[in-house]
Amino acid sequence: MNAFLAILRRDLRVAMKRKVEVLSGLFFYLVVATLFPLAIGSDLDILRKIAPGILWVGALLSSMLTLGRLFEADWQDGTLEQLVLTPHNLSLLVLAKILAHWLLCSLPLVLMSSILGLMFDLPLDYAWVMMATLLLGTPILSCLGAIASALTLGLRGGGVLISLLVLPLYVPVLVFGTGAVESLAAGLGVQAYFSILLAILLPALFFSPWACAQALRVALE
Amino acid sequence: MMGFLFRFASPQAFYRLAGQIIPWLVGIGTLLTLAGLWIGFFIAPTDAQQGEGYRIIFLHVPASWMSMIIFMAMALWSFLGLTFKTRLSGMMTSALAPTGAIFAFLSLWTGAMWGKPMWGAWWVWDARLTSELILFFLYLGYIALTSAIENPARRDKAGSIWSLVGSINVPIIYFSVIWWNTLHQGASVSVTKAPSMAHQMLIAMLLMSLAFWAYSIAIAFYRVRTIILQREYDAHWVQSLPEAQ
Amino acid sequence: MNWNSWSEFFLMGGYAFYVWGSVIVTFALLAIEVLWVLNARGSALEWVKAQRSISE
């Protein structure tokens with residue numbers, strides 16, 4: 001547990017020194033969200049309809065872009081090998097890194113989505129549901145992306161390769177995340193969607209760090 | 001029994017075994033293909049609603065099935081390889097991938113060819129075709145990952161991990177796409193819904209499926225023999241092979 | 001037998017483009033795969049022979 005917190009604190013501290021990375025993800029999200037009304041037109045009826053989809057995909061892409069760097073810095077300066085060699089549970093340490101990354105990169109996206117919703121004239125209750133689905137969904141994205149990041153450690157074409165690997169796996173999260181808002185729009189309940197997202201999140205939190213640990217060991221051999 | 005099976009986990013033994021099996025598979029596959037196409041194109045009757053256009057299913061359905069079966073086979077070999085740490089398992093997994101990707105593509109192609117005359121559009125976002133598209137992406141991802149890793153041991157293990165991760169997600173993806181499709185569906189019916197089938201149609205589909213299966217195994221065995229040659233090139237048994245003189 | 005003549009067979013009741021488009025692409029891709037695999041084996045055998053001459 002101490003090791004978990006130590007890694008968490010360390011990652012957060014290191015990232016604070018390199019704020020650029022965190023902010024660039026946020027800025028990317030803003031830019032992408034802005035591009036769509038420019039491309040499609042300012043008809044608010046249309047924008048309101050497509051807002052959940054666009055805001056979800058934008059957050060998904062932004063979080064995917066930053067995932068490539070999850071293990072890279074530690075790998076390059078040799079810290080990663082040290083982590084693998086410690087007697088501590090590697091899965092736990094990986095979970096700490098994933099959590100740090102999510103707090104730094106994805107949580108801001110979740111918060112920003114509500115503001116971006118204004119650009120699309122998204123009604124407040126829809127925005128709340130969307131934020132809640134992003135809150136449950138982005139950790140899943142981080143967990144899945146972390147596995148891809150661990151497997152592609154040090155490979156050429158890393159970032160694009162991670163995207164290619166992980167996008168098919170993101171589809172269910174995207175479908176259920178945006179489905180909740182659609183359901184709200186149709187006057188139906190959103191409970192089921194949150195249950196499903198939770199049902200995907202919990203195993204992912206358990207399984208992904210373990211898979212990452214295996215992948216890291218394979219990559220470092 | 002396990003001892004008997006484990007003997008073939010050695011690349012040398014498998015090389016010989018696969019080499020012996022391949023000609024049989026080619027023969028069986030050819031016969032099945034001829035029989036399947038004969039019944040499908042000459043014996044099976046015209047469909048009441050879809051006319052002669054329905055005959056594409058004799059290629060579309062077997063291709064879809066094979067793309068899914070091969071993905072599962074890859075997962076099985078991956079699991080065996082990671083559990084028993086056999087080198088051959090990783091080789092088999094990567095030997096299967098290109099064939100699976102090709103069948104996934106063919107499923108999409110024939111699906112579009114079937115959909116256009118029947119439903120007016122080359123691509124309608126129906127659940128089966130959309131899942132097949134995602135499966136195709138999963139294959140491409142595996143191939144991209146394994147192509148990017150030079151170290152053979154790392155390549156096998158990383159590929160195996162990813163194959164398993166993908167396979168575990170396939171049911172979730174399939175389920176989510178069906179959910180998504182029913183959400184957005186108007187009155188449209190699934191493109192890939194087969195016509196109610198006369199028994200000759202079913203027989204033809206079955207024969208073509210078995211034919212594709214024989215083909216897939218033969219190609220995978222052939223490919224894995226090549227991979228074995230590349231990996232084990234400095235082994236004495238490879239150097240003394242008749243074909244390597 | 002469904003067909004009264006070869007030309008009927010080729011026309012496929014008007015669906016010729018779609019049916020034959022599927023058949024041709026399917027067998028073409030599978031044929032390409034076979035050729036690819038044969039070629040890869042040939043290259044591998046050449047390479048094995050070359051490795052042996054190097055070590056001799």
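Here a visitor asks a guide about chain contacts and one helix crossing.

Guide: This model is predicted; local features need pLDDT of at least 70, side-chain atom pairs count only at pLDDT 80 or more, and totals for chains, interfaces and linings use all residues. Residues are numbered from 1 along each chain as its sequence is written, and chains are lettered from A in the order in which they are written.

Visitor: What makes residues of chain B and chain A count as in contact?

Guide: Their C-beta atoms, placed from the backbone, must lie within 7 Å. Here 23 residues of chain B are in contact with 25 residues of chain A. On the chain B side, 14 residues come from α6(B), the largest share. Helices are DSSP runs (H or I, at least four residues), numbered from the N terminus.

Visitor: What is known of chain A and chain C?

Guide: They do not touch; their nearest C-alpha atoms are 23 Å apart. Of the two pairs of chains in contact, chains B and C share the most contacts.

Visitor: Why is α6(A) called roughly perpendicular to α9(A)?

Guide: The axes of α6 (residues 90–119) and α9 (residues 191–220) of chain A cross at roughly 110° and come within 8 Å. Roughly perpendicular covers 65 to 115 degrees, so α6(A) is roughly perpendicular to α9(A). Axes are lines fitted to C-alpha atoms, for helices over the stretch in contact, and angles run from 0 to 180 degrees between N-to-C directions.

Visitor: Which residues make the contact?

Guide: Among them are A:Leu90 and A:Val94 of α6(A), and A:Trp210 and A:Ala213 of α9(A).

Terms used
Helices (H or I, at least four residues) and strands (E, at least two) are DSSP runs, numbered from the N terminus. Angles under 35 degrees count as roughly parallel, over 145 as roughly antiparallel, 65 to 115 as roughly perpendicular and the rest as oblique.
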